[in-house]
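Here are some short exercises to help you find your way around a structure you haven't met before. Have a go at each task, then read the solution step by step.

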Amino acid sequence: MPAVSLLRSIFILLMKPKTKFANHGIKCESAKMNLAAMMAHNDKVVFKITKGAESLFKKNKLGHVMV
């Protein structure tokens with residue numbers, strides 16, 4: 001899942017300006033990446049997914065092993 005979060009961020013960076021903004025007459029000549037912010041977002045996504053899975057295990061009375 002962490003890779004999916006980063007890939008989505010890169011997709012938004014690279015594809016959205018070309019596809020969405022161009023239809024509105026907006027040109028994006030350059031875009032910049034802030035790797036620290038991308039990793040922070042990725043960490044939040046992973047945390048939410050992990051907590052969600054943990055709550056599903058607890059709700060369904062399943063055990064799990066933390067590695």
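**Exercise 1. A residue on a patch**

Is I12 buried, partly exposed or exposed, and what is its relative accessible area?

Solution. Start with a caution: this is a predicted model.
- Step 1: find I12 in helix α1, which covers residues 2-14.
- Step 2: the relative accessible area of I12 is 37%.
- Step 3: buried would need a value under 20% and exposed a value over 50%, so I12 is partly exposed at 37%.
- Step 4: look around it. I12 joins F11, L14 and M15 in a nonpolar surface patch of about 340 Å².

**Exercise 2. The overall layout**

Work out which secondary structure elements the chain has, and how confident the predictor is in them.

Solution.
- Step 1: count the elements. There are three helices and zero strands, so to speak an α-α-α pattern when you read along the sequence.
- Step 2: check the confidence. The mean pLDDT of the chain is 77, and 81% of the residues score at least 70.
- Step 3: go element by element. Helix α2 (residues 16-21) has the lowest mean, 62, while helix α3 (residues 35-59) has the highest, 86.
- Step 4: turn to the surface. Of the 67 residues, 7% are buried. The chain exposes about 6,000 Å², with 66% of that supplied by carbon and sulfur atoms.

**Exercise 3. Following α3 from end to end**

Describe how α3 starts, how far it reaches and what follows it.

Solution.
- Step 1: at the N-terminal end, N34 acts as a cap, with a side-chain oxygen 3.2 Å from the backbone nitrogen of A36.
- Step 2: α3 has 25 residues, and the distance from its first C-alpha to its last is 36 Å. That is close to the 36 Å expected at 1.5 Å a residue.
- Step 3: after α3 comes K61, with a positive phi near 55°. Most residues other than glycine have a negative phi. K61 isn't a glycine, yet its phi is positive.
- Step 4: K61 is exposed, at a relative accessible area of 78%.

**Exercise 4. The salt bridge**

Find the partners of the one salt bridge in the structure and explain how they sit along their helix.

Solution.
- Step 1: the structure holds one salt bridge, and its partners are E54 and K51.
- Step 2: their closest N and O atoms are 3.7 Å apart; the cut-off for a salt bridge is within 4 Å.
- Step 3: because E54 and K51 are three residues apart in helix α3, about one helical turn separates them. In an α-helix, residues three or four places apart point the same way.
- Step 4: both partners are partly exposed: E54 has a relative accessibility of 31%, and K51 has a relative accessible area of 40%.

**Exercise 5. Far along the chain, but how far in space?**

Give the C-alpha separations for the pairs L6 with M39 and D43 with S5.

Solution.
- Step 1: L6 is in helix α1 and is partly exposed at 21%.
- Step 2: L6 and M39 are 33 residues apart along the chain, and their C-alpha atoms are separated by 7.7 Å.
- Step 3: D43 belongs to helix α3 and is partly exposed at 48%.
- Step 4: D43 and S5 are 38 residues apart along the chain, with 9.1 Å between their C-alpha atoms.

Methods:
Residues numbered from 1 in each chain as written. Predicted model: local features only at pLDDT ≥ 70, side-chain atom pairs only at ≥ 80, totals over all residues. Heavy atoms only, no water. pLDDT = per-residue confidence, 0-100. Helix = DSSP H or I, 4+ residues; strand = E, 2+ residues; numbered from the N terminus. Buried < 20%, exposed > 50% of the residue type's maximum accessible area, 1.4 Å probe, protein only. Areas by Shrake-Rupley, 256 points an atom, 1.4 Å probe, with all protein chains shown as cover. Patch = residues over 30% accessible without salt bridge, like charges linked within 9 Å, V, L, I, M, F, W, Y side chains within 5 Å. Salt bridge = Lys/Arg side-chain N within 4 Å of Asp/Glu carboxyl O. Expected span 1.5 Å × (residues − 1). Polar contact = N/O pair within 3.5 Å; in protein donor to acceptor, adjacent residues only side chain to side chain.
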